[in-house]
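Subject: Structure handover

Hi,

Here is the structure I promised to pass on. Please open it and keep it beside you while you read my notes.

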Amino acid sequence: MFLKNLPLYLFFPVLLLLSSTAIAQTKSLKITSFGAIADGITNNATTIQKAIDKVSKSGGGKVIVPPGNFMTGTIWLKSGVTLHLELGARLLGPTKRNDYAVVPDRPAVVMAENQQHIGISGQGIIDGQGQELMLDIFKKLRSGEMVQDTIWRVKRPGGRAMVLNFKSCSDIHISGVTLKNATDWVQDYRECSNLVIDGITVQSTAYWNNDGLDITDSKNVRISNCFINSTDDAICLKSENPALGCENVYIENCTLRSSANALKFGTRSDGGFRKVTVRNLTIFDTYRSAIALESVDGGDLTGIDIQHINAKNTGNAIFIRLGQRTEGKASTLKGVYIAHVKVEVPLYKPDQGYPIEGPPDHLRPGEDKMPKRPSHFHIYGHPFLPYNLIPSSIVGLPGHPVQDVTLEDIEITYGGRAKKEIAQIPLDKITSIPENPKAYPEFSMFGELPAWGFYLRHAEGIKIKGMKLRYVDDDFRPALVLDDVNNSEFDGVEVLTAKEMPVVLLNRSEVVLKGLKMPVGEEMGVRRSGY
């Protein structure tokens, strides 16, 4: 029954890959037959490349990495070739920056451009050796051999490397392998088509900006059965080409952990995101949002269907943002369906104790009069100041609202414990919250918010069909705050905990409330203002 309901385009990569698999059986060569040495020191890039080139010219097949530690510089995958890593095989990225290819974009251990019918398979490991590589990069920066371009990139200098970087390729199959320890994004598939990623493991917390899996301006993509533990966003769809965008993407049955966001569309969103389906994600120990949908660079975000998300110990549940960082074409965000989501937002930092934790989003330099947390909350020499937990949010712009978003069967539990002495936004001042149209989109971008459960601003056509909100410790704020939200309907919202009135605040908003349940009657718990 499930297969019957799948969009037809999802079968295209499978059919094409079946044909490429038939080609791949024509030849299999081991890299050791070309002289590759498994001592973990010798740079085997030349010998591995010879094997790839020969198999590609012979009509396609497998290049096999047998058990052992094989170091390499950048290698280029060619049409018809599957790089197969046997159990016990480890392909090691170089620890010297000069051993990577000189390319206009980011280099990687394995690269491909304008190739077809390619793949990586097996039970082996590709290890970028990120910590060792960064020692060499910083050595070169200190000596002047490499030049640091801007101060803000001190912790994320240029010259870092990925594990996989594929561009303008088609009919790609990545399965089974483990990808580790990049110094940049772990893998990026840019302007590719007919891509299948199945059953891979990503363990990459070696350095900053380690997105686990990036899909950039690609179409006809299927991602399934993956485990991703990354320093930065776990699965991230991006669009940097206004003429393209990500389209026809299916993601299912993945487990995600991140010191940033688990599932994110953006930040770059020039071309946008269309026809994306997500099913069955398990998320844990994630610093920012379980789901972050961002349209801020002129693209269109539409046709999004996300269901069955279970997130524990995660800093935020749902963040939906329509912004405008650039001049020209306005961004749009409409046609989103999110259902069957359960999230637990803890009181404390969700990713504390991981090798690289998320940065202090709530750092507010200069607010010396505010009570500080104990010294062990100091990060990078700055105090990690107290803040009240930030709710989920749907936020557009004045005169340019988020449109047509449906949330169904949503359950969010917050740690609570908000304090007025930390921050309080009087309910008659909620329009003073900054709009920040050009700011980098993140759930904490507005600072303190006046709600503890859900905050909506500049939106229309919002439908909520069954939502449960609760906190563990008391919170003085309303559960729901709606500001400039119109033509919307909330049916079956249950606020299970409340300390002060109102429980729901509607400001400049026209919303139909049906089946609203809370500890007090609706006549006491709902306040309407602004109209």
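Which residue is the bridge partner of Asp305 in β25? It is Tyr337. Before going further, please note that this is a predicted model.

**Overall picture**

The protein chain has 531 residues, and 58% of them count as buried. It contains five helices and 33 strands. Take the contacts with a separation of 6 or more: 75% of them are between residues 24 or more positions apart. The chain exposes about 20500 Å². Carbon and sulfur atoms supply 52% of that area.

**Strands β24, β25 and β27**

Back to the pair I opened with. β24 covers residues 300-322, and β25 covers residues 332-345. They pair in the parallel sense, over nine bridges. β25 is also joined to β27, residues 402-414. That pairing has ten bridges and is parallel too. One place to look is Lys342, whose bridge partner in β27 is Glu411.

Now find Thr314, in strand β24. Thr314 counts as buried, because its relative accessibility is 0%. Its side chain reaches the backbone oxygen of Lys312 at 3.2 Å. Leaving aside neighbours within four places in sequence, Thr314 is in contact with several residues, including Ile283, Arg288, Val343 and Pro350.

**The cores**

In soluble globular proteins, nonpolar side chains tend to be buried together. Here the largest nonpolar core has 123 residues. Val110, Ile120, Phe166 and Ile338 have the most contacts inside it. β24 gives the largest share of this core, with nine residues. Another core lies apart from it and has 14 residues. Among them are Phe319, Ile433, Tyr455 and Leu505.

**Around Phe166**

What does Phe166 touch, beyond its neighbours within four places in sequence? Its contacts include Leu77, Val110, Ile120, Ile174, Tyr189 and Cys192. Phe166 also stands opposite Tyr189 in β14. The strands involved are β11, residues 162-167, and β14, which run parallel and are joined by four bridges.

β14 spans residues 187-190, and both of its faces are covered. Gln187 and Tyr189 are on one side, with Asp188 and Arg190 on the other. All four are buried. β14 also pairs with β17, residues 213-216, in the parallel sense over three bridges. There, Tyr189 stands opposite Ile215.

**Cysteines**

A disulfide is a covalent bond between the sulfur atoms of two cysteines. How many disulfides does the count come to? Zero. Cys192 shows why: its sulfur is 4.9 Å from the closest cysteine sulfur, in Cys169, and that is too far for a bond. The cut-off for a disulfide is 2.5 Å. Cys254 is in no disulfide either, and the nearest cysteine sulfur, that of Cys226, is 4.5 Å away. Both cysteines sit under cover. Cys192 is buried, with a relative accessible area of 3%. Cys254 counts as buried at 1% relative accessibility.

**Unusual backbone spots**

Most residues other than glycine have a negative phi, and most peptide bonds are trans. Here are some places to check against that.

- The peptide bond from Gly266 to Thr267 is cis, with omega near 5°. Thr267 is in strand β22, residues 263-269.
- The peptide bond from Met501 to Pro502 is cis as well, with omega near 0°. Pro502 lies in the loop between β30 and β31.
- Asp171 is not a glycine, yet it has a positive phi of about 60°. It is found in strand β12, residues 170-175.
- Arg417 has a phi near 60°, again a positive value in a residue other than glycine. It lies in the loop between β27 and β28.

Are the two residues with positive phi buried or exposed? Asp171 is buried, with a relative accessible area of 6%. Arg417 is partly exposed, at 39%.

A good place to start is Phe166, one of the residues with the most contacts inside the largest core. From there, step across to Tyr189 in β14, then on to Ile215 in β17.

Best wishes

Conventions: Residues numbered from 1 in each chain as written. Predicted model: local features only at pLDDT ≥ 70, side-chain atom pairs only at ≥ 80, totals over all residues. Heavy atoms only, no water. Pairing = 2+ DSSP bridges. Helix = DSSP H or I, 4+ residues; strand = E, 2+ residues; numbered from the N terminus. Core = buried A, V, L, I, M, F, W, Y, C linked by side-chain atoms within 4.5 Å. Buried < 20%, exposed > 50% of the residue type's maximum accessible area, 1.4 Å probe, protein only. Contact = heavy atoms within 4.5 Å. Areas by Shrake-Rupley, 256 points an atom, 1.4 Å probe, with all protein chains shown as cover. Polar contact = N/O pair within 3.5 Å; in protein donor to acceptor, adjacent residues only side chain to side chain.
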